[in-house]
Structure formats: structure tokens, C-alpha cells
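Trainee: Got a minute to walk through this one with me? I'd like to go piece by piece.
Mentor: Sure, pull it up and ask away.

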Amino acid sequence: METGTSRVKRGMAEMQKGGVIMDVMSAEQAKIAEAAGATAVMALERVPSDIRAAGGVARMANPELVEQVMKVVSIPVMAKARIGHYVEAKVLESLGVDYIDESEVLTPADEVFHIDKTLFTIPFVCGAKDLGEALRRIQEGASMLRTKGEPGTGNIVEAVRHMRLINGQIRKVQNLSKDELYNEAKVLGVPYDLLLNIHETGRLPVVNFAAGGVATPSDAALMMHLGADGVFVGSGIFKSDSPEKFARAIVEATTHYEDYELIARVSKDLGEPMKGIDISKLHAADRMQDRGL
Amino acid sequence: MRIGVLALQGAVAEHVRSIELAGGEGVAIKRAEQLADIDGLIIPGGESTTIGKLMRKYDFMDAIRTFSESGKPVFGTCAGLIVLAERLEGAEEPHLRLMNMTVARNAFGRQRESFETDLDVTGIETPLRAVFIRAPLIKEVGENVDVLSTYKGEIVTARQGNLLASSYHPELTDDYRLHSYFIEMARQAAGERG
């Protein structure tokens, strides 16, 4: 009997496919998310849009909050640790969370190194905006990826950019000859073996979700259309006018992302989505996607 | 044999792949009407609360019951096993209520307790590598249910006529013998239908 094998860790993410993982800030919100059909919840003290507004240092959630959320739902509970913060991640593991997000939404604890995720029994998800970042995170032990997008903006453009870029780079790698692969590994800054695997299979070896800017059912469906395995929704649900309706509608649009009549139907009577931010109005220092490369 | 995989949420592609490795044809099933075109149905792993909700929303409950009553086989893995059960421990409302068994969800604990192991299964010659992820357990079965394997004394594979259930994920390894077993069930059922 073996725990924490890569099959067990990656398999956990496989079970989330086609699903929606929702940010929640309280036990009560976690129950709403579960009732709406979320496949997991991410327990945190502030959703990304509030982190932007509050400024200061954003850290791991209070263990009490994480435990309260774990107590009230039967679906998996995830929590965020700061990039490079080994101890926050170990604390979350000791609490028994099911997945850790080593997340650029929080203020990085280390500007060079990520956590060595192979030292954990529980799996990690990490953000990536290109194939180089994606394969570096996998090499460090990530069992699941997500686009970085631009969290807390309610603007899907960055998640689209990252999903298209990664999938385009995978197609390119598939078509390289072996001698070109050696150089591509150098250019991307990734291990050759992982790149060879992409070349041979034409896909990432782990699940890749969309995240960072999903605000409407159509946004979620668009990301599925572009090849995402599932969707994270951060601020999009509990910063909307009617969280329960938005949560249910985003779940349905993710499952039936090619059924446009259905998406039209679930998009009616939702009220206002979260207010969005134009990416070009963000200062460079406020771009979360540029953290942890 | 055309084997459908219920594609509302969860590990659909992995089951389709295992079915094809085992020589069958795998089809993702998103709508109840598609059930008419398949010889057997797999309900995959995922989150049972999500899958159950979407099954109700998209009229799969009666459609799958009718499918099963017609003699066509249904195979539930992990969350799929929960969905098949007549009785569930805890607060979750049972879903299809097809298999005469009581199931406990997340019976081994949280993700850090998830594991893989070699498992003897009746009808399969050598041990199967079984991956248990936040897995459920079958706590008790009715007289009409055959226990095909146990892990540490607890039931993890069971069969009741044309219904098959496993706590673990046979679709996460390259060993497709349990899928071959299920295709054989579908072939026999098709033979009996004539």
C-alpha cells in the first residue's frame, strides 16, 4: 500500500475534470458552492479582487477558517500557500486539506524558488502562463496546472491568452525533430524528458484547468472550448449579485459548454456579474501573473 | 461492443481509453437519448454530489434505471459506485438506488490517505493495481450481491447481476482487465437480448 504516489496525486485532479472549483471565504459560502455542484472549494480569507483592493501582504488563510470549511462540506477542500512558502504548505497538509494551490494570488514568499512539491503526500496545483512555466512546475512535483489568467479582474482575456499559448506551444513541440527538441528544452528552460513526453503524446501529463478572470457562464464555456479540463472561479461567484445562481449556471455551462441554447438559458436572470478591470489599466506591480516564473 | 461513459463530470477520457484498449468502442454520453445507442454504461469517478445533481437536472435518473432494467450492464467506479448504491451513510441522498448495498463516502479519510495497492479480484487471474482516491467503501451488501474483492476486510468490488461497482479507479492504470470483464458482461447481455 502506497500513499502520495504520482498516480494517486494526479488521479485526484483527474476526478475534478469537467468541474468547477470555487473560491469560498466562509463555511456558509462553502455550503452554497457544494449545493450548486462545485467539485471542490478553495478556502481563503479574501477572494483575489478583495486582495487587490486591500493591498498589503496576502498570506495563507487562517487555519480555523480552513477547518470550518472542511467540516461542512464532503467535496475536496483546497487552500492556497504563498509561492515558495514550504511551511505554509506543510501547515495546510497537517490540517488535512486535499489539495494545495501554490498561488501567485498571494504575495510570494520566495522570488526565485518554488516549493519542492515532491516532499508532500498531498497534491499541488500551480499556475502557468506558458509551456515553460507549466513543465517547470510539473518537474517540481505539481500534479495539476491552471492558467494564471489575471486573478480578481473578472476579465477573461489573460486566461485565454495563457490557454492558447500553452496549447499552441504543445502543437509546435509535437512537430519538432529530435535535434530541435534539445534546443527547445534549453529555450523553454525545461527538462528534456518532460518535453520529449509532450512531443510524443501531444498533451500535458497532468490536468490543466482555466483560472484567473472567469466571471460568467460563457467565460467558463469559452475556456472549455479552448481545451481547459475544468474551471476555477475566484471572485466571479461571491462578488456577483446572486452567488447561488451564478454558481449553478457556471457549473451547467462548464458541463455543456457546446450547448449554446442551454448557456443562454442559464445566463438569464442572473443579475450583474462582478465588475471587471481592463488589464491595460493595471500597473505592472499589480499584475499577479508575473509572479513565480 | 459500444460502451458509454457518463460525461457529466469526472474521469471520462480515461475510461474511454481503457475501453478502447480492451477492444471496445468508447463513447462519451452527455444526453439521456444517447443511452439507446450503447450496450453498456460506465459511471466514472468524479464528485458524486456534482454528478448526482447533473443527472437529476438532465433526466438521467429514470433513463439509467430503464437502461439497467432492460438487462444492459452498468459499471460504477468510485463516485459511480456511490451513485449506484441503494443506501448511503451520512447526509447525502442516495441517487440511482440500483445496487443492494450500503456505501460510506470518503471512507478512508481525506486525500492524504489516498493510496494504490495490488488487489485480488474474483474473475481476474493475477492482482490488479487499484488506485483509491478519497474512496468510498461498501459497508454491507444484500443477498443478491456477489463480493468480488475486499481490502483489509472491507468490500471494494461487487457485482449484482448486470451491475458492477468498484471503490477504486481501474481507469487510471494501463491494466484494462476489469474493463474487459465489463465488456464481456455487455456481450453476454447482448446475446441474451438476441
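Trainee: What covers the buried residues of α2(A)?
Mentor: Keep in mind that this is a predicted model. In chain A, the cover includes β2 (20-24), β3 (40-43), α4 (63-72), α11 (235-238) and α12 (243-255). Chain B adds α2 (48-57).

Trainee: And which residues of that helix are buried?
Mentor: Helix α2 of chain A spans residues 27-36. Its buried residues are A:A27, A:Q29, A:A30, A:A33, A:E34 and A:A36. Just after the helix, A:G37 takes a positive phi of about 105°.

Trainee: How sure is the predictor about the complex?
Mentor: The complex gets an ipTM of 0.94 and a pTM of 0.96. For chain B, the mean pLDDT is 96, and 100% of its residues reach 70 or more.

Trainee: OK, the interface. How many residues does each chain put into the contact?
Mentor: Chain A gives 42 residues and chain B gives 37 residues. Between them the two chains bury about 3100 Å². Carbon and sulfur atoms account for 51% of that.

Trainee: How many salt bridges between chain A and chain B?
Mentor: Seven. One of the pairs across the chains is A:E2 with B:R129, with the closest N and O atoms 2.6 Å apart.

Trainee: Which residues are linked in a network with those two?
Mentor: A:E2 and B:R129 share a salt-bridge network with A:R7, B:E116 and B:D118. Within chain B, the side chains of B:E116 and B:R129 meet at 2.9 Å, N to O. That pair links strand β7 of chain B, where B:E116 sits, to strand β8 of chain B, where B:R129 sits, 13 residues apart.

Trainee: B:E116, buried or exposed?
Mentor: Buried, because its relative accessibility is 5% and the cut-off for buried is under 20%.

Trainee: What about the rest of that strand?
Mentor: Strand β7 of chain B covers residues 115-119, and four of its five residues are buried. Five bridges join β7(B) to strand β8 (residues 128-132) of chain B, and the two run antiparallel. B:F115 has B:F132 as its bridge partner in β8(B).

Trainee: Which strand of chain A pairs with β7(B)?
Mentor: Strand β1 of chain A, residues 2-3. The pairing is antiparallel, over two bridges. A:T3 stands opposite B:F115.

Trainee: Switching to A:G11. Where is A:G11 found, and what does it touch?
Mentor: A:G11 lies in helix α1 (residues 6-14) of chain A. Leaving out residues up to four places away in sequence, A:G11 touches A:S6, B:I133 and B:L172. A:G11 counts as buried because its relative accessibility is 2%. A:V206 is 195 residues away in sequence, yet 8.8 Å from A:G11 in space, C-alpha to C-alpha.

Trainee: What does α1(B) pack against?
Mentor: Its buried residues pack against α1 of chain A, and against β1 (2-6), β2 (25-29), β3 (40-43), β4 (74-77) and α5 (177-193) of chain B. The buried set in α1(B), residues 12-21, is B:V12, B:E14, B:H15, B:V16, B:S18 and B:I19. Just after this helix, B:G23 takes a positive phi of about 95°.

Trainee: Back to chain A. Which residues of strand β7(A) are buried on each side?
Mentor: A:M144 and A:R146 on one side, A:L145 and A:T147 on the other. Both faces of the strand (residues 144-147) are covered. Four bridges join it in parallel to strand β6 (residues 124-128) of chain A. The chain goes from β6(A) to β7(A) through helix α6 (residues 131-139), and the crossover is right-handed. β7(A) also runs parallel to strand β8 (residues 207-209) of chain A, joined by three bridges. There, A:M144 has A:V207 as its bridge partner.

Trainee: Last one. How many salt bridges over all chains?
Mentor: The count is 39. Among the pairs is B:R2 with B:E25, at 2.8 Å, N to O. B:R2 is in strand β1 of chain B and B:E25 in strand β2 of chain B, so the pair ties together parts 23 residues apart in sequence. B:D39 and B:R193 also pair, at 3.7 Å, N to O. Here the link runs from the loop between β2 and β3 of chain B to helix α5 of chain B, 154 residues apart. B:D39 is buried at 17% relative accessible area, whereas B:R193 is partly exposed at 37%.

Technical notes:
Residues numbered from 1 in each chain as written. Chains lettered and ligands numbered in written order. Predicted model: local features only at pLDDT ≥ 70, side-chain atom pairs only at ≥ 80, totals over all residues. Heavy atoms only, no water. Buried < 20%, exposed > 50% of the residue type's maximum accessible area, 1.4 Å probe, protein only. Contact = heavy atoms within 4.5 Å. Pairing = 2+ DSSP bridges. Right-handed = clockwise from strand over helix to strand, strands pointing away. pLDDT = per-residue confidence, 0-100. Buried area = accessible area lost by both parts, 1.4 Å probe. Salt bridge = Lys/Arg side-chain N within 4 Å of Asp/Glu carboxyl O.
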